[in-house]
Amino acid sequence: MFSGNGASTLKKILLVALILIGTMTTALAAALFNTPYIGNANTMRFHYADCRSVDEMNPHNQVGINSREEALSAGYVPCKRCKP
Ligand SMILES: [Zn+2]
């Protein structure tokens, strides 16, 4: 009888693929400013997408944020420049 290990390995691969796609989509959304707010994963500050600090930010640290509540609950602090 088959143990079913093949199917569970495939499930793990699919799960990893989905996580990778999710991460890439978040980065892309931030890069294209499709979210009203952009967070800096390094400084843990968040900004309006059109803040000048976002332009100066390393794109690797940019995180797309959809709402103030989402930013605050994720531990981000509002930027002092654009006061989101
Ligand atoms: Zn700002």
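Mentor: Before we start, count two residues as in contact when their C-beta atoms, placed from the backbone, lie within 7 Å. And keep in mind that this is a predicted model.

Trainee: Okay. Of the contacts in the chain with a separation of 6 or more, what percentage comes from residues 24 or more positions apart?

Mentor: Take the contacts with a separation of 6 or more as your base. Then pick out the pairs sitting 24 or more positions apart, and their share is 64%.

Trainee: Which element has the lowest confidence?

Mentor: The chain averages a pLDDT of 84, and 79% of the residues score at least 70. At the top end sits S4, with a mean of 98. Where pLDDT is low, predicted coordinates shouldn't be read in detail. The bottom end, with a mean of 70, is residues 5-31, helix H1.

Trainee: What pattern does the chain follow along the sequence?

Mentor: There are 3 helices and 4 strands to place. Reading along the sequence, you get α-β-β-α-β-α-β.

Trainee: And in what order do the strands sit in the sheet?

Mentor: Build it from the pairs. S1 pairs with S3 in the antiparallel sense over 4 bridges, and S1 also pairs with S2, antiparallel over 4 bridges. S2 then pairs with S4, in the parallel sense over 2 bridges. So the sheet is open, with mixed pairing, and its order is S3-S1-S2-S4.

Trainee: Which strands stand at the edges?

Mentor: Look for strands with a single partner, because one side of such a strand is left without a neighbour in the sheet. That description fits S3 and S4.

Trainee: Which residue of S3 does Tyr 37 stand opposite?

Mentor: Tyr 37 has a partner in S2 as well, namely Tyr 48. On S1, Tyr 37 and Gly 39 point one way while Ile 38 and Asn 40 point the other, all of them buried. Over in S3, Tyr 37 faces Ile 65.

Trainee: Which residue of S4 does Phe 46 stand opposite?

Mentor: Start with Arg 45, which is the bridge partner of Asn 40. Arg 45 also stands opposite Val 77 in S4. For Phe 46, the residue across in S4 is Pro 78.

Trainee: How many residues make up the largest nonpolar core?

Mentor: Among its members are Tyr 37, Ile 38, Phe 46, Val 54, Met 57 and Ile 65. S1 and S3 (62-65) each supply at least two residues of this core. Ile 65, leaving aside neighbours within four places in sequence, is in contact with residues including Tyr 37, Ile 38, Phe 46 and Ala 71. The core's full tally is 10 residues.

Trainee: What percentage of the chain's residues is buried, then?

Mentor: The cut-off for buried is 20 or more other C-beta atoms within 10 Å of a residue's own. Apply that to the 84 residues of the chain and buried ones make up 20%.

Trainee: Is Met 44 exposed, partly exposed or buried?

Mentor: Met 44 lies in the loop between S1 (37-40) and S2 (45-48). That hairpin has 4 residues between the strands, and Met 44 takes a positive phi there, near 60°. Because Met 44 has 14 C-beta neighbours inside 10 Å, it counts as partly exposed.

Trainee: Near what value is phi of Lys 83?

Mentor: Lys 83 comes in the segment after S4 (77-78). With 9 other C-beta atoms within 10 Å, Lys 83 is exposed. Lys 83 isn't glycine, yet its phi is positive, near 45°.

Trainee: Last one: how far apart in space are Asn 66 and Pro 36, C-alpha to C-alpha?

Mentor: Asn 66 is in the loop between S3 and helix H3 (68-73), and it counts as exposed with 12 C-beta neighbours inside 10 Å. Not counting residues up to four places away in sequence, Asn 66 touches Thr 35 and Pro 36. In sequence, Asn 66 and Pro 36 are 30 residues apart, but in space their C-alpha separation is 5.9 Å.

Conventions. Residues are numbered from 1 along each chain as its sequence is written. This is a predicted model: local features need pLDDT of at least 70, side-chain atom pairs count only at pLDDT 80 or more; totals for chains, interfaces and linings use all residues. A nonpolar core is a set of buried Ala, Val, Leu, Ile, Met, Phe, Trp, Tyr and Cys residues joined through C-beta atoms within 7 Å. pLDDT is the predictor's confidence in each residue, from 0 to 100. Two strands pair if DSSP finds at least two bridges between them.
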